[in-house]
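Visitor: I would like to learn how statements about a protein model are justified. Could you take me through some of them?

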Amino acid sequence: MKITWYGTASVEIESEGRKILFDPFVQLPGAAHPNSPALFADNDVIFITHGHFDHLYPVPALLAGCGPTVFCGSAAAKTLEKYAEDTDTVCVIRPGMEIPAGPFLVRVYRGKHAEFDFSRKNLREALTPSDQVRHAKNLPFILLANARFPERGETFVYGIEAEGKQILLAGSMNFAPASEETYPDSPDLLVLPYQGLLDLEGRAQEMIDRVHPKRIMLSHFDDAFPPVSRNVDLRGLERLLKERYPGIRTVKPAYRKPVHL
């Protein structure tokens with residue numbers, strides 16, 4: 001099984017020649033990994049974790065082109081109805097569902113979106129004057145897209161099974177409370193989006209202790225929509241993993257370079 005990271009939270013999983021794609025996003029000019037919708041054009045099955053623009057924005061263009069089957073929650077589906085000409089292949093899903101997709105079985109779990117970090121320190125680091133000047137042309141799009149692509153309290157975590165292995169994929173750095181959702185224990189891989197919180201290391205520890213993954217692959221740690229994003233400092237996480245979880249192999253994937261599971 002191959003897992004390929006395309007920047008932001010965009011992850012493609014391939015098994016037996018079939019692919020499924022999660023949260024496609026076309027990064028903005030000046031971003032760490034700029035790409036185009038053509039990068040996702042050959043994917044015929046897409047899963048969306050939640051409706052924010054950095055997880056959903058390219059989907060209307062993909063629906064107009066290759067016409068993939070898109071699995072998403074009701075909030076994201078309502079957004080697509082506004083901006084896509086044809087939503088016949090959009091399938092509304094909910095927690096508890098199991099979705100066969102070729103060699104994959106995808107289970108839908110209730111998730112929760114991470115809290116945004118609006119601390120002065122974080123805003124000062126993210127919104128440096130030089131970046132605001134350099135990437136000022138992105139700001140109107142970011143403000144408009146943020147308003148038009150709401151999450152509305154609906155975020156999923158996906159469990160993907162193939163080849164006798166299990167992947168647990170989150171699109172935001174949070175799990176639903178244990179009283180609301182039970183996730184599979186000891187997945188072969190946890191896809192961990194490392195972005196958005198004041199205490200990133202603390203939340204990572206909570207998530208790892210909750211599911212005890214055998215392996216971790218990071219996502220969403222890159223500067224995807226400057227000037228209001230930045231590459232996340234991973235040094236604190238690296239210390240945490242080395243000291244507390246020395247037996248868990250953690251991969252910081254390279255853009256478009258497959259990780260084999």
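Guide: Let's start with charge. The protein has 30 positive and 33 negative side chains. The centres of the two sets lie 5 Å apart. Keep in mind that this is a predicted model.

Visitor: What makes a side chain count as positive or negative?

Guide: Lys and Arg count as positive, Asp and Glu as negative. His is not counted.

Visitor: How do you know whether the radius of gyration agrees with a compact globule?

Guide: Set the value against the rule. With 261 residues, a compact globule would have a radius of gyration near 18 Å. The protein has 17 Å, so the value agrees. Along its principal axes, the C-alpha trace spans about 50 × 50 × 35 Å.

Visitor: How many of the residues count as buried?

Guide: Of the 261 residues, 55% do. The accessible surface comes to about 12000 Å², and 50% of that belongs to carbon and sulfur atoms.

Visitor: Why is Gly111 called buried?

Guide: Buried means under 20% relative accessible area. Gly111 has 11% relative accessibility, so Gly111 counts as buried. Gly111 lies in the loop between β8 and α4.

Visitor: Which residues does Gly111 touch, leaving out those up to four places away in sequence?

Guide: Gly111 touches Thr155, Phe156, Val157, Ala176 and Tyr183. A contact means heavy atoms within 4.5 Å.

Visitor: Back along the chain from that loop, what makes the two faces of strand β7 stand apart, covered or uncovered?

Guide: Ile99 and Ala101 form the covered face of β7. Glu98 and Pro100 form the uncovered one. In a regular strand the side chains alternate between the two faces of the sheet.

Visitor: How do you know that β7 and β8 pair?

Guide: Two strands pair if there are at least two bridges between them. Four bridges join β7 to β8, and the strands run antiparallel. Ile99 stands opposite Val106 in β8. In this hairpin two residues lie between the strands, and Gly102 takes a positive phi near 60°.

Visitor: What is the order of the strands in the open sheet of seven?

Guide: The order is β6-β5-β4-β3-β2-β1-β14, with mixed pairing.

Visitor: Why are β6 and β14 called edge strands?

Guide: Each of them pairs on one side only.

Visitor: In what sense do β2 and β3 pair, and over how many bridges?

Guide: They pair in the antiparallel sense over five bridges. Ile13 stands opposite Ile20 in β3.

Notes. Residues numbered from 1 in each chain as written. Predicted model: local features only at pLDDT ≥ 70, side-chain atom pairs only at ≥ 80, totals over all residues. Heavy atoms only, no water. Rg over C-alpha atoms; globule rule 2.2 N^0.38 Å. Buried < 20%, exposed > 50% of the residue type's maximum accessible area, 1.4 Å probe, protein only. Areas by Shrake-Rupley, 256 points an atom, 1.4 Å probe, with all protein chains shown as cover. Charge placed at Lys NZ, Arg CZ, Asp CG, Glu CD.
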